[in-house]
Every structure is written in C-alpha cells, then in structure tokens.
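Visitor: Please pick a single stretch of this chain to begin with, look closely at its geometry and side-chain pairing, and then lead me outward to the rest. I would like the cut-offs stated as you go.

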Amino acid sequence: MGDTDGPSDAAQRALADEDIEQIEESSVKSGGFFSRVIEALSPSESEEPTGNGNGSDARPSTHGMINLRRMRVDDVAVPKADITAVPISSSMDELVAVFKESGLTRLPVYDGTLDTPVGLAHLKDLALNFGFNGTAHNFDFKAMLRPLLFVPPSMTIGVLLTKMQAERRHMALVIDEYGGVDGLVTIEDLIEQVIGEIEDEHDVDEGKYWTVEKPGTYLALAKTPLADFEAEIGHSLTDHDTVDEEEIDTLGGLVVMLSGRVPARGEVVLHPDGPEFEVIDADPRRIKRLRVRTMGANG
C-alpha cells in the first residue's frame, strides 16, 4: 500500500531500488527545477567536493546540490517536541485557532497522541469547505483529512524530494524503528538545503528571541539564551542563591527551576530578585513562550 500504510509499516519498509528509480524518472519528465535536482542524484556526480589542491577534507559548502545525496531526513527534520499538531477531536474553532496562532497552512492530525497520526489538515480545505465563520455543527474533521506521507529518518533528502513531487505532498512525518513519530519535514526544508533559506511572512528573524511590548515588559521564547536576555535587561537573573546557573541556560529553564516543575499556561512565576514570568504558551512537558516583567515594569 506504499506510504498510505500505517506508520509502523512505513518504518519497517525501505523503498526498493526500482521504486526510487520510478520516482526519479517521473520527476525528470516534469522538467524545471526538479529535473535539475534529479540530475544531481545521478551516479556520475561525485559526492566529494572539488579539491583545491591543499589535501584538506573540508566539507562542502552549506548549501548546494551535493546535499541531496549527502544529507538524510533526520538532518533537516523538525524534532517531535517542536511539531505543531492537532487532535482529531478538535472542534472547528479550536482548529482555526491553531492555524491562526501558528501561521501554518498544514497540520498533522493525531488520535490520542502524536505517535498515532491519522492524517493532514490543510487550511485551504477548511476555508473552502466550511469557511472561517461557518457553522460548527456542520464541521466534519475526518472528512477533510488528507493522507500523510511516512518516511524513515535514514532516507536521503534527494529521494524524499523526488517522492514528494511524484506524490504531490508537501509534508512528511519521520517515523522511527518502533513506528513512533520522530519528527516532521516539509518540502521547503529540503529545497532550502540546496538554494539556501526561503524567507516568508511567517519566518521570525534569525536570532530574534524576544520583542518589547512596552518598557520593562518582554514577550520572549522559552528557548531564549539566558545570557543574551540578561544583557538586554541589564542585570543578572542567576545571582540569587536559589538559582543554580550551572544547570540552566535558557529563560524556560530558569522558570522551571524557580517553580520546581513545568508551570501551566497562565501561571505567573516570581523571581526572588523581583522580575516575574507569565507563561503564555506551554504544554505538559515544556514552556514555549513567556511574558517577562522586569523590576521597572508597571502593571
């Protein structure tokens, strides 16, 4: 049944050589960018970078066609912990809210846990079939699901790229040897390994971990490096005796240490030196976003 099989089957099956050849052949016939991609996969091209006569074994440049043969899916996939997905039990309002908050157009859908994926939700299908202001009682989530593509982490990104084109898929779930979800990869992730980063209106500036809402108040990602944020606010958050700076290096880690657990969304955690951290977004395992009010902030 190919890639419409369950994730466990996908994890245990490798693409046969003839299947790969058929995928690549169909991609070549389509011409354009992907035909040039397939040419890069031909056996005649050496995987070794062109030498400069200095005998060094330096790796090839960050981007380029060579990555299609050199890099594997697990080199570029989004980790499981960072995947934005929705349960099949979601209401229409809940689904719309996730689309709006994430800025994504495609979301994996799961039953119970992410290790039981059941399909893919596309923003276009939601808009065309129900509209954003449609009546919720007519909402049939299962009817609008698209099939998912399951791939092993060891697959080269060139093979996955041609497979995605052949099957008209833009997203794939990476499945580990036990059939569980290990990550997620999009066609954009693969193409960026060849031509460099593709920026769109949803991309956050590289290195931008926080924004200033008003003087003394910041909206920050939990993964914000602690040292960078301390430099921004002008004082240390790790000098107090209750904070072990050797054990943490992010704002999220600091908040977990202060509270002794992973706080829930909406909770406010106080720092012994004055600042307070409001949890804006979190799941049971980790904090995602925080509102930080420093000692000089009002309200």
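Guide: Arg168 lies in the loop between helix H8 and strand S6 (171-175), where helices (H or I, at least four residues) and strands (E, at least two) are DSSP runs numbered from the N terminus. This is a predicted model, in which local features need pLDDT of at least 70 and side-chain atom pairs count only at pLDDT 80 or more, while totals for chains, interfaces and linings use all residues. Residues are numbered from 1 along each chain as its sequence is written, and side-chain values use heavy atoms, with hydrogens and water left out.

The backbone of Arg168 deserves attention, since its phi is near 55°, a positive value in a residue other than glycine. Most residues other than glycine have a negative phi. With a relative accessible area of 75%, Arg168 is exposed; here buried means under 20% relative accessible area, exposed over 50%, and partly exposed in between, with a 1.4 Å probe and protein chains only.

On the helix side of this loop, the side chains of Glu167 and Lys163 meet in a salt bridge, at 3.1 Å from N to O, the criterion being a side-chain nitrogen of Lys or Arg within 4 Å of a carboxyl oxygen of Asp or Glu. Because Glu167 and Lys163 are four residues apart in helix H8 (residues 157-167), about one helical turn separates them. The two partners do not share one exposure class: Glu167 is partly exposed at 28% relative accessibility, whereas Lys163 counts as buried at 3%. Side chains of opposite charge can pair when their charged atoms come close.

That bridge sits within one helix, but other pairs reach across the chain. A search of the whole structure finds 11 salt bridges. In one of these, Glu101 pairs with Arg289, with the closest N and O atoms 3.5 Å apart. Glu101 lies in helix H6 (residues 92-102) and Arg289 in strand S12 (residues 286-293), so this pair ties together parts that are 188 residues apart in sequence. Arg289 itself is partly exposed, its relative accessible area being 27%.

Strand S12 also carries Arg291, which forms a salt bridge with Glu213, the closest N and O atoms being 2.7 Å apart. Since Glu213 belongs to strand S8 (residues 210-214), the pair joins parts that are 78 residues apart in sequence. Glu213 counts as partly exposed, at 39% relative accessibility, and a network of salt bridges links Glu213, Glu276, Glu278, Arg291 and Arg293.

A further place to look is the loop between helix H10 (226-233) and helix H11 (251-259), where Val243 is found. Val243 is buried, at 7% relative accessibility. Leaving aside residues up to four places away in sequence, Val243 touches Leu237, Thr238, Ile248, Leu254, Met257, Leu258 and His271, a contact meaning heavy atoms within 4.5 Å. Between Val243 and Met257, which are 14 residues apart in sequence, the C-alpha to C-alpha distance is 7.3 Å.

Asp244 lies in the loop between H10 and H11, and is partly exposed, with a relative accessible area of 35%; its C-alpha is 8.4 Å from that of Met257, 13 residues away in sequence. Glu247, also placed in the loop between H10 and H11, is exposed at 58% relative accessibility. Both acids, Asp244 and Glu247, belong to a surface patch of negative charge that also gathers Asp239, Glu245, Glu246 and Asp273.

Helix H9 (residues 187-195) is mostly covered, with seven of its nine residues buried. The buried residues are Ile187, Asp189, Leu190, Ile191, Glu192, Gln193 and Val194, and just after H9 Gly196 takes a positive phi of about 100°.

As for the whole, the protein has 11 helices and 12 strands, and of its 299 residues 40% count as buried. Among contacts with a separation of 6 or more, residues 24 or more positions apart account for 51%.

Terms used
Patch = residues over 30% accessible without salt bridge, like charges linked within 9 Å, V, L, I, M, F, W, Y side chains within 5 Å. Areas by Shrake-Rupley, 256 points an atom, 1.4 Å probe, with all protein chains shown as cover. Lys, Arg positive; Asp, Glu negative; His and termini not counted. Charge placed at Lys NZ, Arg CZ, Asp CG, Glu CD.
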